[in-house]
Amino acid sequence: MPVLAKLPPKADTVVIGEFPGKHETELEMPFVGPQAMELQDALDRNNINRDELAMTYVIACRYPNDNPKLRKRNRHLRRQGKPESPTPEVCCSDRLRAELEGKKNWITLGSAVKLLPRAPSLFDVRGGPMEVEGVRVLP
């Protein structure tokens with residue numbers, strides 16, 4: 001079951017996770033599991049109201065358990081010159097692009113930054129915010 005983004009109309013900042021966890025999938029809401037407490041603490045320390053932020057995931061569904069098998073299968077298909085099976089990142093890319101449209105600040109959690117469209121290198125964003133095509137990315 002996909003976890004749909006929370007997209008307040010006036011939000012110009014979006015929090016982006018890699019994929020929803022068990023709690024998020026069960027409740028069908030972004031960032032509500034145990035890891036979300038750390039996010040909430042950070043928001044509280046910076047006087048940021050969670051309701052004013054957009055929240056989404058690079059991959060809307062809980063990450064499939066067979067992802068290593070998919071990578072292995074794609075390697076095999078590549079060697080045979082056949083088209084690869086789409087990854088979850090590819091399947092969700094159009095949705096994610098639409099959700100990020102017009103957002104001026106992206107706060108990426110975990111390794112989500114490496115999966116984003118127009119993704120900067122992890123080395124580029126390590127240590128602080130950076131501009132990528134007019135968008136401020138905060139790792």
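**View 1. Pairing of Gly-17 with Tyr-57 in the predicted model.** Gly-17 has Tyr-57 as its bridge partner in β2. The coordinates come from a predicted model. Two further partners in β2 belong to the same view: Met-55 for Val-15, and Ala-54 for Val-14. Strand β1 (residues 13-17) runs parallel to β2, and four bridges link the two strands. Strands of a sheet pair through backbone hydrogen bonds, in either the parallel or the antiparallel sense.

**View 2. The two faces of β1 and β2.** In β1, five of five residues are buried, so the strand is described as mostly covered. One side of β1 carries Thr-13, Val-15 and Gly-17, and the other carries Val-14 and Ile-16; all of these are buried. In β2, Ala-54 and Thr-56 lie on one side and Met-55 and Tyr-57 on the other, again all buried. Both strands are thus covered on both faces. Side chains of a regular strand alternate between the two faces of the sheet.

**View 3. The open sheet and its edges.** The sheet is open and consists of five strands in the order β2-β1-β3-β5-β4, with mixed pairing. β2 and β4 (130-132) are the edge strands, each pairing on one side only. On average, neighbouring strands of this sheet are turned by 30° against each other, with direction ignored. β1 pairs with β3 in the parallel sense, over four bridges. In this pairing, Ile-16 stands opposite Thr-108 of β3.

**View 4. Helix α4 across three strands.** Helix α4 (residues 88-100) lies across β1, β2 and β3 (105-108). The angle between α4 and β2 is about 165°.

**View 5. Buried and exposed sides of α2.** Helix α2 has 12 residues and spans 18 Å from its first C-alpha to its last, close to the 16 Å expected at 1.5 Å a residue. Its buried residues are Ala-36, Leu-39 and Leu-43. These residues lie on the same side of α2 because they cover an arc of only 55° around the axis. An α-helix has 3.6 residues a turn, so residues three or four places apart point the same way. β1 and β2 are among the elements that cover the buried residues of α2. Exposed residues on the other side of the helix are Pro-34, Met-37, Glu-38 and Arg-45.

**View 6. Gln-40 of α2 and Arg-50.** Gln-40 lies in helix α2. Its relative accessible area is 23%, and Gln-40 therefore counts as partly exposed, since buried means under 20% and exposed over 50%. Arg-50 is 10 residues from Gln-40 in sequence, and their C-alpha atoms are 7.6 Å apart in space.

**View 7. Positive phi values before and after α2.** Most residues other than glycine have a negative phi. Glu-28, a residue other than glycine, has a positive phi near 55°. Glu-28 is placed in the loop between α1 (22-27) and α2 (34-45). Phe-31 lies in the loop between α1 and α2, and its phi is also positive, near 55°. Glu-28 is partly exposed, with a relative accessible area of 43%, whereas Phe-31 is buried, with a relative accessible area of 8%. Asn-47 follows α2 and has a positive phi near 55°.

**View 8. The whole chain and its confidence.** The chain contains five helices and five strands, and along the sequence they follow the pattern β-α-α-β-α-α-β-α-β-β. Of its 139 residues, 38% count as buried. Among contacts between residues at least 6 apart in sequence, 66% join residues at least 24 apart. The mean pLDDT of the chain is 84, and 85% of the residues reach 70 or more. Among the elements, strand β2 (residues 54-57) has the highest mean pLDDT, at 96, and helix α5 (residues 122-125) the lowest, at 56. Where pLDDT is low, the predicted coordinates should not be read in detail.

Key:
Residues numbered from 1 in each chain as written. Predicted model: local features only at pLDDT ≥ 70, side-chain atom pairs only at ≥ 80, totals over all residues. Heavy atoms only, no water. pLDDT = per-residue confidence, 0-100. Pairing = 2+ DSSP bridges. Axes fitted to C-alpha atoms, helices over the stretch in contact; angles between N-to-C directions. Contact = heavy atoms within 4.5 Å. Buried < 20%, exposed > 50% of the residue type's maximum accessible area, 1.4 Å probe, protein only. Expected span 1.5 Å × (residues − 1). Arc of directions from axis to C-beta.
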